[in-house]
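Colleague: I have the structure open. Before I rely on any labels, I want the reasoning behind each one.

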Amino acid sequence: MKECETIVRRIADDRPGPILDWGCGWGQVTHLLRLCGLDATAFDYSPGLPEGTVAPLPRYPHIEAHLGPDPVKLPFATSSFGAVLSCGVLEHVARPEESLEEIRRVLRPGGIFYVFKLPNRASYLEWIARRLGLYYHGAAEHDAVYSLESAVELLAGHGFEVVEGRRANMLPLTLTGRIANRASPLLWAGNRALAAVPGVNRLATNIELVARSTA
């Protein structure tokens, strides 16, 4: 949640206008965006549901999410949003090129596309997970990993100009339990400090991008 709060504060600083939480999952980021005063709309891919389904999210029932059965198509008019957020989503979609075109469609001209928690191909934590037989990105179908360069190239090829690009998160942030909770401030500070070290940060867990639609 500390990472989500940091992401939301970064977006709130821009005041980008109506924002789509693309692939909202449980809804925690939509919830935080709204707490910051942003006009946030939740959307998630839900195969098997009829088009036009809008339903409350079980963990955040005050949020009515748009649930779509199509893995690419978004149930929103062209130029509906000032921003779209992908928080741990772009790497999981079946057809990323088509999804990016659809995101650009629903963005206003010059709108912002925020990409957070995109898996870094060179992540040392992913390397460890593979060798321990744990889950790692790239193991499942439609599960992709990126370098900073390939992620920038992908977005640039679909009408986006990347204005910020960086590697983030050097330490495991999903530890649980009493000790992990007590160590959270130190862990988070160390995580951010290491991610700022050139060379070392090439092994970071994630890639973060902020891009503007050029159309």
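Colleague: Which residues are linked in a network of salt bridges?

Modeller: Arg 10, Asp 14, Glu 164, Arg 166 and Glu 208 are linked in that network. Keep in mind that this is a predicted model.

Colleague: How many salt bridges does the count come to?

Modeller: The count comes to 10.

Colleague: What makes Glu 51 and Lys 73 a salt bridge?

Modeller: The cut-off is 4 Å between a side-chain nitrogen and a carboxyl oxygen. Glu 51 and Lys 73 have N to O at 3.9 Å. That is within 4 Å, so the pair is a salt bridge.

Colleague: Why do you say the pair ties together parts of the chain?

Modeller: Glu 51 lies in the loop between strand 2 and strand 3 (53–56), and Lys 73 in the loop between strand 4 and strand 5. These parts are 22 residues apart in sequence, so the pair ties them together.

Colleague: Are Glu 51 and Lys 73 buried or exposed?

Modeller: Exposed means over 50% relative accessible area. Glu 51 has 62%, so Glu 51 is exposed. Lys 73 has 46%, so Lys 73 counts as partly exposed.

Colleague: Where do Glu 101 and Arg 104 lie?

Modeller: Both lie in helix 3, 3 residues apart, about one turn of the helix. Their closest N and O atoms are 2.8 Å apart. The limit is 4 Å, so this pair is a salt bridge.

Colleague: Why are Glu 101 and Arg 104 called partly exposed?

Modeller: Partly exposed is the range between under 20% and over 50%. Glu 101 has a relative accessible area of 32%, and Arg 104 has 22%. Both values fall in that range, so both residues are partly exposed.

Colleague: What about Arg 95 and Glu 98?

Modeller: Their side chains meet in a salt bridge, 3.0 Å from N to O. Arg 95 counts as partly exposed at 35%. Glu 98 counts as partly exposed at 40%.

Colleague: Why does Ser 99 count as buried?

Modeller: Ser 99 is at 2% relative accessibility. Buried means under 20%, so Ser 99 is buried. Ser 99 is found in helix 3. Beyond residues up to four places away in sequence, Ser 99 touches Trp 22, Pro 71, Val 72 and Val 93.

Colleague: How many aromatic pairs does the structure hold?

Modeller: The structure holds 4.

Colleague: What makes the pair of Phe 43 and Phe 76 edge-to-face?

Modeller: Their planes are at 75 degrees, with 6.2 Å centre to centre. Pairing needs centres within 6.5 Å, and edge-to-face needs planes over 60 degrees apart. Both conditions hold, so the pair is edge-to-face. Phe 43 lies in strand 2 (residues 40–45) and Phe 76 in the loop between strand 4 (64–68) and strand 5 (81–87). Both Phe 43 and Phe 76 are buried. Ring pairs link them with Phe 81 into a cluster.

Colleague: And why is the pair of Tyr 114 and Phe 116 stacked?

Modeller: The ring planes of Tyr 114 and Phe 116 are at 15 degrees, and the centres are 6.5 Å apart. Stacked means planes under 30 degrees apart, so this pair is stacked. Tyr 114 is buried at 0% relative accessible area, and Phe 116 is buried at 2%.

Colleague: How do you know that Arg 59 sits over the ring of Trp 26?

Modeller: The charged end of Arg 59 is 3.8 Å from the ring centre of Trp 26. The distance limit is 6 Å, and there is an angle limit of 35 degrees from the ring normal too. Arg 130 lies over the face of Tyr 136 at 5.6 Å from the ring centre.

Colleague: Which residues of helix 5 are buried?

Modeller: In helix 5 (residues 148–156), they are Leu 148, Ala 151, Leu 154 and Leu 155. They cover an arc of only 125 degrees around the axis, so they are on the same side of helix 5. They pack against helix 3 (96–106), strand 6 (107–119), strand 7 (160–168) and strand 8 (206–213).

Colleague: Which residues have the most contacts inside the largest nonpolar core?

Modeller: Leu 20, Trp 22, Val 84, Leu 90, Phe 113, Leu 155 and Phe 160 do, in a core of 26 residues. Helix 3, helix 5 and strand 8 are among the elements that each supply at least two residues of this core. A second, separate core has 18 residues, including Ile 7 and Val 8.

Definitions and conventions. Residues numbered from 1 in each chain as written. Predicted model: local features only at pLDDT ≥ 70, side-chain atom pairs only at ≥ 80, totals over all residues. Heavy atoms only, no water. Buried < 20%, exposed > 50% of the residue type's maximum accessible area, 1.4 Å probe, protein only. Helix = DSSP H or I, 4+ residues; strand = E, 2+ residues; numbered from the N terminus. Arc of directions from axis to C-beta. Contact = heavy atoms within 4.5 Å. Phe/Tyr/Trp six-rings, centres within 6.5 Å; stacked < 30°, edge-to-face > 60°. Core = buried A, V, L, I, M, F, W, Y, C linked by side-chain atoms within 4.5 Å.
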